[in-house]
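Reader: Could you take me through one part of this model up close? I'd like to look at the place where the two chains meet, and then hear about whatever sits around it.

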Amino acid sequence: MRGIPLAGDYIAGTIPRLRFEHFFADLAYWMWGFTDWVLLLADTLLIAYVGTVLGGVVALLLSFPAAATLAPPWVVSFIRRVLEFMRTVPTLVLALIFVYAFGLGAFAGMLAIAVHTAGALGKLFAEEHENASLAQMEAVRAAGGSWAAQMRFGIFPQSLPGVLSYGLLRFEINVREASVLGIVGAGGIGEELYLAVRQFEYQDISAILVLILATVAAIDLLCGRLRRRVLGSAA
Amino acid sequence: MMKSRLATPLVFGFLLLLLIGGLWRMDASPERIFNGLTKLGWLVALMWPPSAGGVLPELLLSLLESLAMAFLGTVLAVVVALPLALLGAGNVIGNVLLRFSVRRLYDGLRGIDTLIWALIFVAAVGMGPFAGILALAVPDIGTLSKLFSEALESADRRQVEAVRAAGANRVLSVRLGLIPQVAPVMLSQILYTLESNARSSTVLGIVGAGGIGLALADRIRINNWDEVAFIVLLILAMVAAIDFVSRRLRLKIIRAS
């Protein structure tokens with residue numbers, strides 16, 4: 001409990017000095033690393049995007065055999081266990097292991113995010129497929145379509161809005177996750193933040209945090225809009 | 001019609017280009033992927049059989065520490081979030097400006113990941129589980145306050161009015177008219193938070209904020225992959241147990257209300 005005033009002092013130390021008389025000079029001093037930081041943030045977004053897309057593709061492929069209405073029970077329970085495993089191992093632990101295997105950098109972080117995303121989205125997609133009506137699938141089967149064709153033309157068009165909406169939601173989450181991966185050396189803005197915290201560069205900490213917050217808020221806003229459009233077009 | 005037909009392939013093309021550009025930027029050459037996968041297969045082979053490395057009691061103790069951090073972090077978050085939620089709920093406090101600024105505060109707390117808070121608190125209050133508890137609590141305060149105040153706003157106002165009509169003051173009318181209505185929803189959200197904290201608390205040790213994460217990061221650093229596998233399995237077992245208990249409790253709450 002002795003620590004709480006210390007934490008207060010620490011946070012107070014990160015508040016930049018912005019004076020009204022030379023506001024822009026102070027702002028420029030505070031945001032001295034702006035270009036570097038924005039580039040790192042762009043990398044972070046890229047990690048989140050590529051991770052979401054690759055993880056989403058794997059999730060989509062695994063979600064059909066994981067839907068109880070579409071596949072035999074033993075396949076469903078096996079795939080579900082696999083998905084559970086993928087989403088229960090913490091992303092950061094995956095990142096640590098992948099950094100060791102693939103070397104430092106954004107690629108390891110992206111893989112960690114992709115694995116976790118595949119596990120989380122696979123389950124949600126499968127539930128979405130389970131809610132789809134089977135009549136269209138039977139129509140495709142009656143026309144001689146294979147199992148893959150039945151999924152592609154009978155089920156997928158029905159669950160597409162849900163799939164897109166969950167995918168966008170996951171992207172929002174992944175942006176947050178990607179912002180910390182740098183702590184274990186897996187790319188993005190986290191590394192710079194870690195450095196700032198380690199070297200007690202108080203003002204840099206607040207500057208980077210403000211930029212992360214702004215990015216997260218912008219992505220949330222954008223994804224929220226897109227999600228409403230996707231779900232709106234389904235109704 | 002023409003526009004939307006042209007727009008879809010354009011959007012897809014752009015997204016695909018972004019994907020390829022991203023992979024290129026991450027230096028995802030086939031050679032690197034192949035080497036990495038080889039190394040990964042080798043690691044998985046080294047992970048078998050998982051072993052406690054002769055320090056099982058210590059590992060269980062630090063797992064318990066993670067669990068305790070998750071629990072205390074959740075309690076702290078609830079204690080702080082409850083008054084903040086009342087400030088942010090439109091039907092409790094009429095002031096629009098206050099409500100707006102409190103809600104932005106929630107967003108700010110929520111927007112920063114637990115692990116970043118952990119970094120900051122480790123630097124501020126020193127290494128150890130106390131930093132972890134604070135790091136878990138702070139973003140949860142944002143999430144819970146938001147969820148609580150939304151629950152409060154959707155509550156039925158007639159019960160509040162009934163309590164007021166019986167002569168109660170404002171505080172009592174919130175306590176007796178509003179809180180009982182939303183308590184089941186709140187409890188269920190608190191349980192969700194506990195589940196999520198149980199997951200997060202296992203990695204906080206990587207930055208020195210207490211719990212099993214420190215042991216895990218250490219084993220990875222010194223390449224004891226059988227012990228890494230053991231610790232990961234311990235974490236999975238704990239998360240599954242917490243999820244199970246919390247699901248049972250939640251079902252009970254839902255049935256009771």
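Author: Here is a walk through the meeting of the two chains, followed by a few spots elsewhere.

Keep in mind that this is a predicted model. On one side of the interface there are 35 residues of chain A, and they are in contact with 40 residues of chain B. Quite a few helices of chain A chip in: H1 (3–14), H3 (34–63), H5 (91–102), H6 (106–130), H8 (147–181), H9 (190–198) and H10 (202–234) each supply at least two residues to the side that touches chain B. H5(A) gives the largest share of that side, with seven residues. Sort the chain A side by class and you get 30 nonpolar residues, four polar and one charged.

Since H5(A) supplies that largest share, let's zoom in there. Its axis and that of H2(B) come within 8 Å and cross at roughly 120 degrees. An angle over 115 but not over 145 counts as oblique, so H5(A) is oblique to H2(B). The crossing in which H5(A) passes H2(B) is right-handed. From H5(A) come A:Ile97, A:Ala101 and A:Phe102, and they meet B:Arg32, B:Gly36, B:Lys39, B:Leu40 and B:Leu43 of H2(B). That contact has five nonpolar residues, one polar and two charged.

H5(A) also brings us to the core. The largest nonpolar core has 141 residues, and those touching the most other members are A:Ala95, B:Ala118, B:Leu119 and B:Phe121. Pick B:Leu119 and skip its neighbours within four places in sequence: it is in contact with A:Ile183, A:Tyr194 and A:Val197 from chain A, plus B:Val207 from chain B. As background, nonpolar side chains tend to be buried together in soluble globular proteins.

Now for a helix pair inside chain B. The axes of H4 (residues 96–111) and H6 (residues 129–153) of chain B come within 7 Å, crossing at roughly 135 degrees. H4(B) and H6(B) are therefore oblique to each other, and H4(B) passes H6(B) in a left-handed crossing. H4(B) brings B:Tyr106, B:Asp107, B:Leu109 and B:Arg110 to this contact, while the H6(B) residues include B:Val138, B:Pro139, B:Ile141 and B:Lys146. By class, the residues of this contact are five nonpolar, three polar and three charged.

The loops have some backbone details to look at too. Following H2(B), the loop between H2 (30–47) and H3 (56–88) of chain B holds B:Pro49, and a cis peptide bond with omega of about -5 degrees joins B:Trp48 to B:Pro49. In chain A, the loop between H9 and H10 holds A:Phe200. Its phi is near 55 degrees, a positive value in a residue other than glycine, and A:Phe200 counts as exposed because it has 11 C-beta neighbours inside 10 Å. Over in chain B, B:Asn223 is in the loop between H9 (213–221) and H10 (225–256). B:Asn223 is not a glycine, yet it has a positive phi of about 65 degrees; with 11 C-beta neighbours inside 10 Å, it counts as exposed.

One last stop is A:Gln158, in helix H8 of chain A. A:Gln158 has 18 C-beta neighbours inside 10 Å, so it counts as partly exposed. Not counting residues up to four places away in sequence, A:Gln158 touches A:Ala132, A:Ser133 and A:Gln136. A:Asn131 is 27 residues away from A:Gln158 along the chain, and their C-alpha atoms are separated by 8.9 Å.

Conventions. Residues are numbered from 1 along each chain as its sequence is written. Chains are lettered from A and ligands numbered from 1 in the order in which they are written. This is a predicted model: local features need pLDDT of at least 70, side-chain atom pairs count only at pLDDT 80 or more; totals for chains, interfaces and linings use all residues. Two residues are in contact if their C-beta atoms, placed from the backbone, lie within 7 Å. Helices (H or I, at least four residues) and strands (E, at least two) are DSSP runs, numbered from the N terminus. Ala, Val, Leu, Ile, Met, Phe, Trp, Tyr, Cys and Pro count as nonpolar, Asp, Glu, Lys and Arg as charged, and the others, Gly among them, as polar. A nonpolar core is a set of buried Ala, Val, Leu, Ile, Met, Phe, Trp, Tyr and Cys residues joined through C-beta atoms within 7 Å. A residue is buried if 20 or more other C-beta atoms lie within 10 Å of its own, exposed if 12 or fewer, and partly exposed in between; C-beta atoms are placed from the backbone. Axes are lines fitted to C-alpha atoms, for helices over the stretch in contact, and angles run from 0 to 180 degrees between N-to-C directions. Angles under 35 degrees count as roughly parallel, over 145 as roughly antiparallel, 65 to 115 as roughly perpendicular and the rest as oblique. A crossing is left-handed if the near helix is turned anticlockwise from the far one by less than a right angle, and right-handed if clockwise.
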